[in-house]
Amino acid sequence: MEKMLAAVFHENESGGGEVKLEEVVIPIIMKNDQILIEVKACGICGTDLKIIEGGHPANDNTIIGHEFGGVIKEIGKDVKDLEIGDNVVIDPNEKCGYCINCRRGFSNLCDFMALGTTFGIFQNGGFAKYCIIPKSAAFKLPDNIDMNAAALIEPLSCAVHCHNIANVRESDNVVIIGAGPMGLIIESVIRKHPIKNLICVELNDWRREKAMDLGADFVINPNSQNVKKEIMRITNENGADVIIDAVGLSETFEMGLSMWAPGARLVCFGQDYRAEAKIKPNDIVRYQRKILGSYIGYAEDFLDAIELINNKVIEIEKLITKIIPLNQLITTGFHLMKERKCVKIIVNP
Ligand SMILES: [Zn+2]
Ligand SMILES: [Zn+2]
């Protein structure tokens, strides 16, 4: 049997584990609705590191990598709308289409997904030369799309979703708390729309510089500046109209509450299941504010993200920090992620 190099997660007793590069058998189509894709590019996500550290569940012995695209090499008998040679991007979150959440229009909250189905986390994913997925997970791409850029579509779809949830208007002062890879990708989407001011709050120097490079009007360093004071100064004492918490800690949520304008929307995007916060309900009632959650995205957000890439609206070259071969995933890729000196590292398996 033919083999390929793959990044396989091995769980240890404490919940986390280790990712090892090893030779595994090339998968074959087992069901009629499946396709075999040759992975061209797969992005490294913060979740990949969280899996290793034990901060995110994953299945033992699974090939990780969930932000990927490639070209179709084989198709099952029942696949009619995709062809061999098509470029596709993968939505790694498999949805059932028939649970109550799917039927009410919240496919991102599919009950079936909660059981653990994500490709690259619970089922084999994109850090390997080949991957088998069901046709429903594939979105056909325009022919000439750059496959490294295509690896950004999944995180970009989450950013598009967040932007839609926030309902950003032209006269809004927008604050993004946390300029990690996702905060910066959200920034890139918001920057493409006319708004009053775009302000990023971030501790790390490299990330603050990157936030400026991507078009922030102001950056604030909470280590050396009074965040609330700065926001009030910039917004003429009115506060922030849209706040996106791309971190998800108690401190960042409460930071959002300290700066929200009357009528503001506070969008919780970053996740940490340990976070707790105190809030005065009357601050919401009296000033008609909203607290909103933004979780992954809908299929239509994927379509919009594809067009953002296809129409070259997003400055891809500023978001892709490095492109590496699979054998450098751990040495270069994970290393740069831990150093926090990158937006996206793309792996070409
Ligand atoms: Zn991810
Ligand atoms: Zn469902």
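Gln288 is found in the loop between α10 (281–286) and β14, and this loop residue is a good place to enter the model, which is a predicted one. Gln288 has a positive phi of about 45 degrees although it is not a glycine. For context, most residues other than glycine have a negative phi. Gln288 counts as exposed because 12 or fewer C-beta neighbours are needed for that label, and Gln288 has 9 inside 10 Å.

**Loop residues**

Glu237 has a phi near 70 degrees, again a positive value in a residue other than glycine. The place of Glu237 is in the loop between α8 and β12.

Two further loop residues are worth a look. Pro142 sits in the loop between β8 (138–140) and α4 (147–150). Its C-alpha atom is separated by 8.7 Å from that of Asp86, although the two residues are 56 apart along the chain. Thr117 belongs to the loop between α3 (111–114) and β7 (130–134). Leaving aside residues up to four places away in sequence, Thr117 touches Glu94, Phe112, Phe122 and Gln123. Pro281 is 164 residues from Thr117 in sequence, and their C-alpha atoms lie 37 Å apart in space.

Here is how these loop residues compare in their surroundings:

| Residue | C-beta neighbours inside 10 Å | Class |
|---|---|---|
| Pro142 | 12 | exposed |
| Thr117 | 18 | partly exposed |
| Glu237 | 9 | exposed |
| Gln288 | 9 | exposed |

**The six-stranded sheet**

β14, the strand that follows the Gln288 loop, takes us to an open sheet of six strands. Its order is β11-β10-β9-β12-β13-β14, and the pairing is parallel. β11 (218–220) and β14 (290–293) stand at the edges with a single partner strand each, so one side of each has no neighbour in the sheet. On average, neighbouring strands here are turned by 20 degrees against each other, direction ignored.

Within this sheet, strand β9 (residues 173–177) runs parallel to strand β12 (residues 240–245), and four bridges join them. One residue to pick out is Ile177, whose bridge partner in β12 is Asp245. Helix α8 (residues 227–234) packs on the sheet and touches β9, β10 (197–201), β11 and β12; the direction of α8 makes about 170 degrees with that of β10. Helix α9 (residues 250–259) lies across β9, β12 and β13 (260–268), and runs at about 180 degrees to β12.

**The three-stranded sheet**

Another open sheet has three strands in the order β2-β1-β4, with antiparallel pairing. Its edges are β2 (17–25) and β4 (62–63); each has a single partner strand, so one side of each is left without a neighbour in the sheet.

Strand β1 (residues 3–11) pairs with β4 in the antiparallel sense over two bridges, and Phe9 stands opposite Thr62 in β4. β1 also pairs with β2 in the antiparallel sense, over nine bridges. Glu11 stands opposite Gly17 in β2. β1 and β2 form a hairpin with five residues between them, and Gly15 in the turn has a positive phi of about 105 degrees.

**Helix α5 and its partners**

What angle do the axes of α5 and α11 make where they cross? The axes of helix α5 (residues 153–166) and helix α11 (residues 299–310) cross at roughly 115 degrees and come within 8 Å. That makes α5 roughly perpendicular to α11. The crossing of α5 past α11 is right-handed. On the α5 side the contact is made by Ile153, Leu156, Ser157, Val160 and His161, and on the α11 side by Asp301, Phe302, Asp304, Ala305, Ile306, Leu308 and Ile309. These contact residues divide into eight nonpolar, two polar and two charged.

α5 also packs against helix α6 (residues 181–191), at an angle of about 60 degrees and with the axes 9 Å apart. α5 and α6 are therefore oblique to each other. α5 passes α6 in a right-handed crossing. Here Pro155, Leu156, Ala159, Val160, Cys162 and His163 in α5 meet Met182, Ile185, Ile186, Val189 and Ile190 in α6. The residues of this contact divide into ten nonpolar, one polar and no charged. Leu156 and Val160 of α5 take part in the contact with α11 and in the contact with α6.

Notes
Residues numbered from 1 in each chain as written. Chains lettered and ligands numbered in written order. Predicted model: local features only at pLDDT ≥ 70, side-chain atom pairs only at ≥ 80, totals over all residues. Axes fitted to C-alpha atoms, helices over the stretch in contact; angles between N-to-C directions. Parallel < 35°, antiparallel > 145°, perpendicular 65-115°, else oblique. Left-handed = near helix turned anticlockwise from the far one by under 90°. Contact = placed C-beta atoms within 7 Å. Nonpolar A, V, L, I, M, F, W, Y, C, P; charged D, E, K, R; others polar. Buried ≥ 20, exposed ≤ 12 C-beta atoms within 10 Å, placed from the backbone. Pairing = 2+ DSSP bridges.
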